Amino acid sequence: MTKFSELNLNPKVLKAIDEAGYESPTPIQEGAIPPALEGKDVLGIAQTGTGKTASFTLPMITLLARGRARARMPRSLVLCPTRELAAQVAENFDTYAKHVKLTKALLIGGVSFGEQDKLIDKGVDVLIATPGRLLDHFERGKLLLTGVQIMVVDEADRMLDMGFIPDIERIFSLTPFTRQTLFFSATMAPEIERITNTFLSAPTRIEVARQATTSENIEQSVVMFKGSRKDREASEKRKLLRALIDAEGEKCTNAIIFCNRKMDVDIVAKSLKKYGYDAAPIHGDLDQSQRTRTLDGFRDGTLRFLVASDVAARGLDVPSVSHVFNFDVPGHAEDYVHRIGRTGRAGRDGTAMMICVPRDEKNLDDIERLVQREIPRRDNPLKSEVKATKSDKDDAAPKTDTRSKPKKSDAAPKGAAGKAKAEQGGSPSRGRSSGGDKVVGMGDHLPSFIALSFEERRAG
Ligand code: AMP
C-alpha cells in the first residue's frame, strides 16, 4: 500500500494530513495525486466519500506553496455546484493548508460582495466558488481569471443537473489555455464526456468504485405503499414516515430525510415539527444563514432530523448519520446511491429506508438494477390500522411528547408480539399517537365517528 510520504507532497501538507489522522491515501488520492503533482490534467470519476476533495486539494496546496498571488488574479479556482459543497471544500482546504501560507476566498451566493471583493483585491491563491457567483464577480469587473494556473471542477454531474454547464464552459474559456484542469464527476453522462473532451488535455483518468453500491454496512429496505385515496396519499405517507422513525426508536439517533421536491422538503419538515419531531428543512431556496445554521445544528447534534433535497445535501460530510429515509424514490438511480451514502460512513453501521408509491416502481427497478440487488421489502408498520386511515388528517393532532431526543418509550417492541402490543396502543402516554391515531381506553372497537377529526364530523 502506498503511503502519503511516497507521494511527493509538501512536508507541511504531510504534517497536516498526519494531524488529521489519515493513515494512508484512498484509491482516488493514490491515483490522482501523482499526475496532478506532475502538472497533468486529471479526470476523476469518483463520488463523495471517496476522499476526492483531498485528492485535488493536497496537490494544489503543494503546487501553490511556491509563488505568490497578485491582486484580483487568483492562481487557482475550485468550482462547486452548491454553496455547501464550496464551504466544505474551503474547510478541507483550511485543514490541509494550515502549515502553509496561502490565501483563499470563498465566493458563494448569500454572502455580501463587499467582504469577498476585499479579499480578491488583495490577491488570493485559491478561489473556491459556485459558478453563478463567480461570473457575477467577473461581470462586475472585480476579478481576472487570466492568472488561473489550476482549475478544479468538482461534482460535474451535479453541475449538469443544475444547468451550470454553460457557465462552466464560459469559465473555462475565461481561464488560460495553459491551465491545469482537475475534473471530478461521479458519473460520465454524454454531456460531461463532451466537456472533458473539449477542455481537458490528455487527462489521466482515474475511476474508483461506487462506494455505496458495495457498502455492506448499510441496511437497506423499502416499504411499498399505496394511499387509501389519492387525496390522502400525501398525508398518509407522512404518517408512514413517522411510524418508520418511531419503529427505529433509540437506534435512530439522527437522520436525513430526502424528498424529491423542494416543496415537499418544506411540507415534511413542517409536519414533523408539528408532531414534535426535532426537524428542519434544507434546500436551495432557503437563505444562506438559515442553511448554515441548520447544517451546523445537524452536525453538532442539536438538530435530529434534516429534511433535504438532493442538491442541498449532496456531499455533506457528517460522519455519524444513523438513518437515511427516502420519503420519495429518487428519479435518478444514482441519487439513491448518493443519498444512502450519507449514512454508514467511516465504517459505522447505517440504516436506509425508502417509501415507494405505485408510480415510483419503475424508478425502484432502475435503482435495483444499478445497485445490482433487490432492496428488501419492509412491512408497512401501519398496515393493520384500517380505522386509522379514516382519522388521519395529517398535521391535525400533534402528539404531546417531543421527539427532539430518542426516548426509551419510543422504541417499538420488536417481533410479532411486540408489534401487536404497539398496535394496541402499547405506549399509553401517547394518546392519539402517530403510530395509529389510537384513542386510549376505547379498546380495539373504536366507533368510527370518534376517530374523525372535528372538521370531518362537521362535514359529515
Ligand atoms: P470526500 O470524499 O472528499 O468528501 O471525503 C470524505 C471523508 O473522508 C472526509 O471526512 C475526509 O476528511 C475523509 N478522508 C479523506 N481522505 C482520507 C484518508 N486518506 N484517510 C482517512 N480519511 C480521509
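**Reading a helix pair and a ligand site**

Modeller: Keep in mind that this is a predicted model. Let's start with helix 8 (residues 165-174) and helix 9 (residues 190-199): their axes come within 12 Å and cross at roughly 5°.

Colleague: How do I read that? What describes two packed helices?

Modeller: Two packed helices are described by the angle between their axes and the distance between the axes. Angles under 35 degrees count as roughly parallel, so helix 8 and helix 9 are roughly parallel to each other.

Colleague: Which residues in helix 8 and helix 9 meet?

Modeller: On the helix 8 side you've got Ile-165, Glu-169 and Phe-172. They meet Glu-191, Ile-192, Arg-194, Ile-195 and Phe-199 of helix 9. By class, that contact has five nonpolar residues, three charged ones and no polar ones.

Colleague: Okay, on to the ligand. How many residues surround the ligand, and which are the closest?

Modeller: There are 13 around the ligand, with Tyr-22, Gln-29, Gly-49, Thr-53 and Asp-317 the closest. The shell splits into eight polar, three nonpolar and two charged residues.

Colleague: And which polar atoms lie by the ligand's oxygen and nitrogen atoms?

Modeller: Tyr-22 puts a polar side-chain atom 2.4 Å from a ligand oxygen. Two backbones join in: a polar backbone atom of Ser-24 sits 2.9 Å from a ligand nitrogen, and one of Gly-51 is 2.7 Å from a ligand oxygen. As for burial, the ligand on its own has 500 Å² of accessible area, and the protein covers 77% of that.

Methods:
Residues are numbered from 1 along each chain as its sequence is written. This is a predicted model: local features need pLDDT of at least 70, side-chain atom pairs count only at pLDDT 80 or more; totals for chains, interfaces and linings use all residues. Side-chain values use heavy atoms; hydrogens and water are left out. Axes are lines fitted to C-alpha atoms, for helices over the stretch in contact, and angles run from 0 to 180 degrees between N-to-C directions. Helices (H or I, at least four residues) and strands (E, at least two) are DSSP runs, numbered from the N terminus. Angles under 35 degrees count as roughly parallel, over 145 as roughly antiparallel, 65 to 115 as roughly perpendicular and the rest as oblique. Contact means heavy atoms within 4.5 Å. Ala, Val, Leu, Ile, Met, Phe, Trp, Tyr, Cys and Pro count as nonpolar, Asp, Glu, Lys and Arg as charged, and the others, Gly among them, as polar. A residue is near a molecule or strand if one of its heavy atoms lies within 4 Å of it. A polar contact is a pair of N or O atoms within 3.5 Å; within protein, one must be able to donate a hydrogen and the other to accept it, and residues adjacent in sequence count only if both atoms are side-chain atoms. Accessible areas come from the Shrake-Rupley method with a 1.4 Å probe; for residues, only the protein chains shown count as cover.
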